[in-house]
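Open the coordinates in your viewer and have a selection tool ready. The stops below go from one residue outward.

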Amino acid sequence: MNTKRLVIVGCGKLAEIVADALINGILPDYQLVGVLSRTKEKAEAIANKIEKADSDYTCQVCSSLDELLALKPDYLVESASPAALRELALPALKNGTSLVVLSIGALANRAFYQDVEQTARENSQRVHIVSGATGGFDVLRTASLMGKTRVSFDTEKGPNSLKGTSVYDEALQTEKRKVFEGNAQEAIALFPTKVNVAVAASLASVGPEDIQVSVTSTPDFVGDDHRIEVRNEQVHAVIDVYSQTAQIAGWSVVNTLRNISLPIVF
Ligand SMILES: NC(=O)C1=CN([C@@H]2O[C@H](COP(=O)(O)OP(=O)(O)OC[C@H]3O[C@@H](n4cnc5c(N)ncnc54)[C@H](OP(=O)(O)O)[C@@H]3O)[C@@H](O)[C@H]2O)C=CC1
Ligand SMILES: O=C([O-])CC(=O)C(=O)O
């Protein structure tokens, strides 16, 4: 077996799903050799889990990206924030470390996207954009290759998940309202940690400037519903994923890591 050295940056809710999958034997081809988080205790919590599972290796709690990259990981899972992805992507790729990324919003910036693409190519590494809280990237990519394609991305959320953003007001607690219409670049600028999915779907198809995005707030709505519609001359597809929590996004990292290492992939 060719064991791959894995590290995680951002030790929150989604990282924990990946660590649990390792401990539960769902990722047999990986060793989690290092973790880094803004709050060190969160990284320690994950490293302790690995240690308690009686692994025959050590998971190092790191204090800086340099320390983490010195572990020479094959793969880095980014489950931190778009700002973190902006900081770590190029150094990691230059270090010979491929990326599995959740905070895809950072890649809506065309110049950054091109730098990442070129650096990955020059260093023979890859950047895996996970399906996260949505899916259907296969049909999005395939339909877009066929010719002129239109793609829309409509999200429904509860008002509480919009608190702290400029579109929030108390009336949303009782009134259903479309609070945003625009493209994915505008959406991620307004909601920096809430519409990574829309940027991911746009990158898989027509690009962040050309996808039509809307966000609707519905009183008492629990979870998120992301509905993607793709149309070209021959194809009409709808991908509609409801999830009660964001856990599916953590599981999509697990699925991507499995696809990287297994002989038969989907
Ligand atoms: N693509 C998709 O479909 C989805 C993507 N996401 C994205 O995934 C990411 C992780 O989500 P989730 O696990 O729910 O979030 P959490 O807030 O639970 O965890 C994020 C962790 O990352 C840490 N962190 C933040 N910035 C940095 C940094 N610069 N360097 C190191 N660590 C950092 C936080 O530290 P601290 O404890 O100090 O806050 C926290 O421990 C987010 O960016 C989120 O927007 C989420 C859902 C779906
Ligand atoms: O969890 C979700 O539905 C979407 C989300 O946070 C993101 O795309 O960043």
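Select Val253 first. Beyond its neighbours within four places in sequence, Val253 is in contact with Leu14, Val18, Val77, Val100, Leu102 and Val130. Keep in mind that this is a predicted model.

Now widen the selection to the largest nonpolar core, which has 76 residues. Val253 is among the residues with the most contacts inside this core, together with Ile8, Val35, Val101, Ala198, Val199 and Ala201. The core lies between domain 1 (4–131 + 248–261) and domain 2 (137–245), because both give residues to it. In soluble globular proteins, nonpolar side chains tend to be buried together.

Next, show ligand 2 and the residues around it. Gly132, Ala133, Asp224, Ala246 and Ala249 are in this shell, as is the run Thr193, Lys194, Val195, Asn196 and Val197. Coloured by class, the shell around ligand 2 shows five nonpolar, three polar and two charged residues.

Asp224 leads to the next stop, since strand β10 covers residues 224–231. Select β10 along with strand β7 (residues 150–157). The two strands are antiparallel and pair over eight bridges. Within this pairing, look for Val151 opposite Val230 of β10.

Then add strand β9 (residues 212–217), which runs parallel to β7 and is joined to it by six bridges. Here Asp154 stands opposite Ser214 of β9.

Last, display the side chains of β7. Which residues form its covered face, and which the uncovered one? Val151, Phe153, Thr155 and Lys157 make up the covered face, while Arg150, Ser152, Asp154 and Glu156 are on the uncovered face. In a regular strand the side chains alternate between the two faces of the sheet.

Terms used:
Residues numbered from 1 in each chain as written. Chains lettered and ligands numbered in written order. Predicted model: local features only at pLDDT ≥ 70, side-chain atom pairs only at ≥ 80, totals over all residues. Buried ≥ 20, exposed ≤ 12 C-beta atoms within 10 Å, placed from the backbone. Helix = DSSP H or I, 4+ residues; strand = E, 2+ residues; numbered from the N terminus. Pairing = 2+ DSSP bridges. Near = placed C-beta within 6 Å. Nonpolar A, V, L, I, M, F, W, Y, C, P; charged D, E, K, R; others polar. Core = buried A, V, L, I, M, F, W, Y, C linked by C-beta atoms within 7 Å. Domains from an automatic or database assignment. Contact = placed C-beta atoms within 7 Å.
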